[in-house]
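Student: I'd like some help reading this structure. Can we go through it one feature at a time?
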Amino acid sequence: MIRKDLVVLALASASALTGLLAAGSARAAGVPAGTDIENTAVVNYSVGGSAQSISSNTVTVKVAEILDVVVTLQSPTASVAPGDTRQELVYRVTNSGNGPEAFLLTMTSTLTGDQFDPVPAVPAIYFDTDNSGDLSAADTPYVAGSNDPLLQPDAFVTVLVVNDIPTGLASGNRGRSQLTSAARTGTGVPGAVFAGQGVSGTDAVVGTTGADADAIGEYVVSGVSVSAVKSQSVTDPFGSNRPLPGARIIYQIVVAATGTGTANGAAFTDAIPANTSFVAGSIELNGTALTDAADSDVGAYTATPVPQISVQLGNLTQASGPQTIRFAVTIN
Amino acid sequence: MKKGISVSIASALLLAFAAAGQAASQSTVDATARNDAPRGGCIVLKTVAEMEQVYTAENGAAAKRLVPAAKVVPGGEVVWTVTASNVCDKPADKVAIDNPVPDHMRYVADSAMGPGTDIAFSLDGQKFAAPEALTVRGADGAERAARADEYAFIRWTFKNALQPGSVAFARFRAVVK
């Protein structure tokens, strides 16, 4: 009877067993490489009424090293201006294998699908040594083959890819840059084996990531930036410039657009400082007086909800040049 | 009729082992038997670790075969096979094979098989029961059915005596965590 049953199993094992060789899923880490998995079976039985028990041989299976890596971008885009230098994209390189592994880092900025090629700085790859999330003086340049990051399973390192931004770009232009990380032991198709090159002499097996990974970040040229520089002058009732009650303060604000593109509908507002009173009719734009009423000219003073002046500057470009606004208050 | 069947059994088994041996010569095998199957009783018990390998058969089709478990990695599946051979001239009865699910591994649901056996599982090595009778107390204090990946022990109880010269099989699969 047992023999007959045996046939069924033998045939089943040859044809019906399912599952895969399984180079391992993309799971992080898992059982560490080099771990021994042991198994011993025990059989209890009886012969002629005498109970007996015996163990099988112990089989030891050593867990091989799986080579996997994940590269993620910490923020998908970086906002830049034409001509900016040493602009960073922030990546994270994670060892998703199950053994300590060193990784080779490479970058490229000559990618398709964008409007410009960022120019790699020299050097172009840094470690975010001070964990500041951006490029700073304390960050260590990466030198391939010299300080390849050695990562424990599940550990990661933050890597900065640094490019210069060309001049003459239009607002909204995009330039792509890519970081690639590859296991030093080797890369290849999932399941490829590097015999004896894993932890403690185990084989190293390429995981589902192919043991290399990349991520692409993007620089986006921002529109114009508008700056406002404010200064003041004081004239007191005695012809001096002490800020006494009754003294007049004239504020001057210079608004300028820089960069490419147009700042549409630029509007300047400024609150009247506490303990001062707006001087009626004092608003000027580029030397031309504006009325306080919200009317056909671009200036206005409003007393509520908070006292403030506003000047509608319209569409500003770098070519518009600086816009000089003045208004006056008296100290209460 | 019965005799004819047992002949075909033998040939099928031989093929399986031949395939395993062939693969072993081509690759590094990390699975090592620390000692030969112990002798001394009427039953010799042997454990083998294998894994499935996909290969291209002579007709060009993809096929699978079992090869010694080398290069096991997290997520990889090991096929554990236990063979019990009766080397005495008397039948052995009340035969039961116990095998823990190895450390670092997770039992694959419904993978345990054994011709002519009743298969029971245990969470603690003490209470063995059919899957539907195994429960665990969840974090909320309520009893729930145990999941296959929580089984820690497997027991195959043979319904019939193991005759002299016969070999009985037990097999299960487990995945490296």
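Student: What percentage of the 332 residues in chain A is made up of buried residues?

Tutor: Buried residues make up 34% of chain A. A residue is buried if 20 or more other C-beta atoms, placed from the backbone, lie within 10 Å of its own. One caution: this is a predicted model, where local features need pLDDT of at least 70, side-chain atom pairs count only at pLDDT 80 or more, and totals for chains, interfaces and linings use all residues. Residues are numbered from 1 along each chain as its sequence is written, with chains lettered from A and ligands numbered from 1 in the order written.

Student: Which secondary structure does chain A have?

Tutor: Helices (H or I, at least four residues) and strands (E, at least two) are DSSP runs, numbered from the N terminus. Chain A has one helix and 26 strands.

Student: How are the five strands of the open sheet ordered?

Tutor: Two strands pair if DSSP finds at least two bridges between them. Here the order is E6-E8-E13-E10-E11 in chain A, with antiparallel pairing. Strands E6 (69-73) and E11 (140-141) of chain A are the edges, each pairing on one side only. Inside that order, E8 (residues 87-95) and E13 (residues 156-164) of chain A share eight bridges, and A:Tyr91 sits opposite A:Val159 in E13(A).

Student: What is the mean pLDDT of chain B?

Tutor: pLDDT is the predictor's confidence in each residue, from 0 to 100. For chain B the mean is 80, and 76% of its residues reach 70 or more. Over residues 1-39 of chain B, though, pLDDT stays under 50. For the complex, the predictor gives an ipTM of 0.75 and a pTM of 0.62.

Note on methods:
Two residues are in contact if their C-beta atoms, placed from the backbone, lie within 7 Å. A residue is buried if 20 or more other C-beta atoms lie within 10 Å of its own, exposed if 12 or fewer, and partly exposed in between; C-beta atoms are placed from the backbone.
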